[in-house]
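Q: Please take a close look at one part of this structure: the second largest pocket and the salt bridges. What lines the pocket, and which side chains pair up?

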Amino acid sequence: RLLDIRRAIGAMAILLVTPFTGASALAYEIWVTNQGTDKVQVIDSATLKEIASISTDSKPHNIEFSPDFTRAYVSNVGAGTVTVIDAVGRKIIATVPTGKGAHGVNRSPSGRLLYVTNTADETVSIIDTSSLKVVKTISAGRIPSVAIFTPDERKAYIANVSGSLSVIDVEKAEVVGEVSSLKGAIVLAVSKDGEKVYVARGFEDKVGVVDTRVDRVRSTIPV
């Protein structure tokens with residue numbers, strides 16, 4: 001069952017949108033990870049035609065951008081790496097080894113840190129975006145999927161598909177708690193005030209609402 005879940009996670013593709021640098025507010029690009037070709041394809045929103053193709057490591061999966069959209073970070077689930085791309089010049093800046101099954105790549109609000117969830121290793125690699133090096137690797141729950149930060153960057157949460165959230169103290173870079181009873185936790189969103197994290201429970205057709213002040217499930221919404 002867990003192997004099937006890992007395979008399902010590995011098969012997902014993510015599409016991200018970024019503004020053109022210096023262009024009008026309505027112009028944007030669509031960045032698509034293509035696991036069949038091990039490339040990131042960049043699509044012009046006006047013509048819907050490919051304008052660039054950038055090779056990555058095996059099975060590119062998720063994309064995250066720096067706050068100013070000048071860099072793109074791509075997790076490669078097949079290689080256990082993150083490809084760092086100059087999003088303006090379309091050039092690879094670096095390849096950062098993380099862990100087996102590098103699935104989610106999520107940045108802190110300031111852009112200072114990247115959290116990479118390694119599904120096969122069941123760890124989280126913390127990358128400093130200045131040095132582009134892993135500064136620490138910490139254990140997560142079973143089958144970590146993605147991470148999310150509170151707006152004040154004091155806490156981060158890891159969605160573990162097996163049924164929990166790992167709570168991380170960002171300054172200490174340590175797991176300080178766990179929120180249970182969240183089977184199928186796979187995608188996260190945080191409220192603007194940072195007081196709630198919404199947890200998509202993909203295998204139960206529910207969304208869990210976690211109170212970040214006490215790290216407990218406060219309600220469940222059927223969807």
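A: What follows starts with the pocket and then turns to the salt bridges.

The model is predicted. Its second largest pocket has a volume of about 220 Å³. The lining counts 14 residues, and Thr150, Asp152, Arg154, Lys155 and Thr212 are the closest to the pocket centre. By class, 8 of the lining residues are charged, 3 are polar and 3 are nonpolar.

Take Lys155 from that central group. Its side chain meets Asp215 in a salt bridge, 2.9 Å from N to O. Lys155 lies in strand E14 (residues 155–160), while Asp215 sits in the loop between strand E19 (206–211) and strand E20 (216–222), so the pair ties together parts that are 60 residues apart in sequence. Lys155 is partly exposed at 22% relative accessibility. Asp215 has a relative accessible area of 18% and is buried, because the cut-off for buried is under 20%.

Asp211 forms a salt bridge with Arg213, with the closest N and O atoms 3.1 Å apart. Asp211 is buried at 8%, whereas Arg213 is exposed at 59%. Shared partners join Glu195, Asp211, Arg213 and Arg218 into one network of salt bridges.

The structure holds 7 salt bridges. One of them pairs Glu29 with Arg90, the closest N and O atoms being 2.9 Å apart. Glu29 belongs to strand E2 (residues 28–34) and Arg90 to the loop between strand E7 (81–86) and strand E8 (91–97), so this pair links parts 61 residues apart in sequence. Glu29 is buried, at 4% relative accessibility. Arg90 is partly exposed, at 26%.

How values were computed
Residues numbered from 1 in each chain as written. Predicted model: local features only at pLDDT ≥ 70, side-chain atom pairs only at ≥ 80, totals over all residues. Heavy atoms only, no water. 1 Å grid on protein atoms, 1.4 Å probe; cavity = no way out; pocket = protein on both sides within 12 Å on 5 of 7 lines; lining within 4 Å. Points joined across faces, edges and corners; volume = space filled by probe spheres on them. Nonpolar A, V, L, I, M, F, W, Y, C, P; charged D, E, K, R; others polar. Salt bridge = Lys/Arg side-chain N within 4 Å of Asp/Glu carboxyl O. Helix = DSSP H or I, 4+ residues; strand = E, 2+ residues; numbered from the N terminus. Buried < 20%, exposed > 50% of the residue type's maximum accessible area, 1.4 Å probe, protein only.
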